[in-house]
Amino acid sequence: MLFTSLKTEQMQPMTEASAIQQNHRGDARICRGCWDQMHMPIPIRGPLALPFRAFGITRSKMNPNICTICERSFRYVKKQSHVAASATILFADIRGFTHLSERIERMRLSEIVSLFQDRCAQAIWAHDGIVNKTMGDGLMAIFNFPIIRKDHADAAIRAALDIQKHCADALGRLDFAGLGDAPLGVGVGIHSGEVEIGEFSTFRSDFTAIGGTVNLASRLESQAEAGEILISAETASEAGDLVSNAATRLLSLKGIDLPVEARVLATH
Ligand SMILES: [Zn+2]
């Protein structure tokens, strides 16, 4: 009780902070990443954002509720080129895309990729993740950096469920000659753990996460069938109810000697 009231008092003078809370799921007035990482109110919407824009500080393409500063916040706060962080990593891609790309025209392919990227980004942003990398028919998302979400395992799984639902709706409506009988679907892999976040290239800005956690998330995704979400035991143990009815599957993954146990959420 005491703690709660103290916290409320501390928060009250921070009108920016209340603006964030009010807009938790919507459009934040100030960058939520800079706020969470550095307690710095950086305006990203409204008239106060204009002078910042003049200095090249804009909303990040990775998530419209963060700014381009917090892609580099580790440099300003920790004075390091990268930092260790606890995060959940999500990979998604369109199953059978390579096969498909040999059979249908390029215009149609780009239409499919746009639908997929758009639906995935909306789902990831709705749960405070960032779309860190896009690779044509695939992408990588990070949860818990720079926007802090204690329930990042949960947030990533909810985003994956939204991805599956919205992609199935959008891709299911496509009717291209050459698609054949096999419906287009998306495979998702999710894993949580320690990652290194920062910029690892010396010649260009390449803010990303690296480490074994990222590799395992990617390998899980490569094993997911269309409509499936493969979740590592580590993520599942933090996620609670969301995976309580999920099946268990033993996977043999490239570069890992022992079989890896994953939970499977099948959405089709
Ligand atoms: Zn920021």
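1. Let me start at the C-terminal end of this predicted model. Strand 9 (residues 247-251) pairs with strand 10 in the antiparallel sense, over five bridges. One pair to look for there is Arg 249, which sits opposite Ala 262 of strand 10. Strand 10 (residues 260-266) also takes strand 8 (residues 228-232) as an antiparallel partner, again through five bridges. On that side, Glu 228 faces Ala 266.

2. Now for the overall picture. The protein has ten helices and ten strands. Of its 268 residues, 40% are buried. If you look at contacts with a separation of 6 or more, 65% of them come from residues 24 or more positions apart.

3. A word on confidence before you zoom in. The mean pLDDT is 86, and 87% of the residues reach 70 or more. The start of the chain is another matter: residues 1-23 have pLDDT below 50, and beyond near neighbours in sequence this stretch makes 14 contacts in the model. Where pLDDT is low, the predicted coordinates should not be read in detail.

4. Next, the hairpin. Strand 1 (residues 59-60) and strand 2 run antiparallel and are joined by two bridges. The hairpin connection between them is two residues long. Within this pairing, Arg 59 has Cys 67 of strand 2 as its bridge partner. Strand 2 (residues 63-67) has four buried residues out of five, so the rest of the structure largely encloses this strand.

5. Helix 7 deserves a good look. Helix 7 covers residues 106-126, which is 21 residues, and spans 30 Å from first C-alpha to last, close to the 30 Å expected at 1.5 Å a residue. Its buried residues are Ile 112, Phe 116, Arg 119, Cys 120, Ala 121, Ala 123, Ile 124 and Trp 125. Do notice that an arginine, Arg 119, is on that list. What do these buried residues pack against? The partners are strand 2, strand 3 (82-95), strand 4 (130-135), strand 5 (138-143), helix 8 (152-172) and strand 6 (185-198).

6. Just past that helix comes Asp 128, in the loop between helix 7 and strand 4. Its phi is positive, near 70°, in a residue other than glycine. Is Asp 128 buried or exposed? Take 20 or more other C-beta atoms within 10 Å as the cut-off for buried. Asp 128 has 25 within that distance, so it counts as buried.

7. The loop between strand 5 and helix 8 is worth checking too. Asn 144 lies in this loop, and its phi is near 90°, another positive value in a residue other than glycine. Asn 144 is buried as well, with 25 other C-beta atoms within 10 Å. Pro 146 belongs to the loop between strand 5 and helix 8 too. The peptide bond leading from Phe 145 into Pro 146 is cis, with omega near -5°.

8. On to the core. In soluble globular proteins, nonpolar side chains tend to be buried together. Here the largest nonpolar core has 65 residues, and those with the most contacts inside it are Cys 31, Ile 89, Leu 90, Val 188 and Ile 190. Helix 8 is the top contributor to this core, giving eight residues. Where does the core lie with respect to the domains? Domain 1 (2-71) and domain 2 (82-266) each supply residues to the core, so it lies between them.

9. Leu 90 makes a handy starting point for browsing that core. Leaving out residues up to four places away in sequence, Leu 90 touches Gly 129, Ala 141, Phe 143, Ala 156, Ala 159, Ala 160, Val 188, Ile 190 and Ala 217. Val 188 and Ile 190 are also among the residues with the most contacts inside the core.

10. Last stop: Leu 184, in the loop between helix 8 and strand 6. Leu 184 counts as buried, with 23 C-beta neighbours inside 10 Å. Leu 184 and Phe 97 are 87 residues apart along the chain, yet their C-alpha atoms are separated by 8.2 Å.

Definitions and conventions:
Residues numbered from 1 in each chain as written. Predicted model: local features only at pLDDT ≥ 70, side-chain atom pairs only at ≥ 80, totals over all residues. Buried ≥ 20, exposed ≤ 12 C-beta atoms within 10 Å, placed from the backbone. Pairing = 2+ DSSP bridges. Contact = placed C-beta atoms within 7 Å. Expected span 1.5 Å × (residues − 1). Core = buried A, V, L, I, M, F, W, Y, C linked by C-beta atoms within 7 Å. Domains from an automatic or database assignment. pLDDT = per-residue confidence, 0-100.
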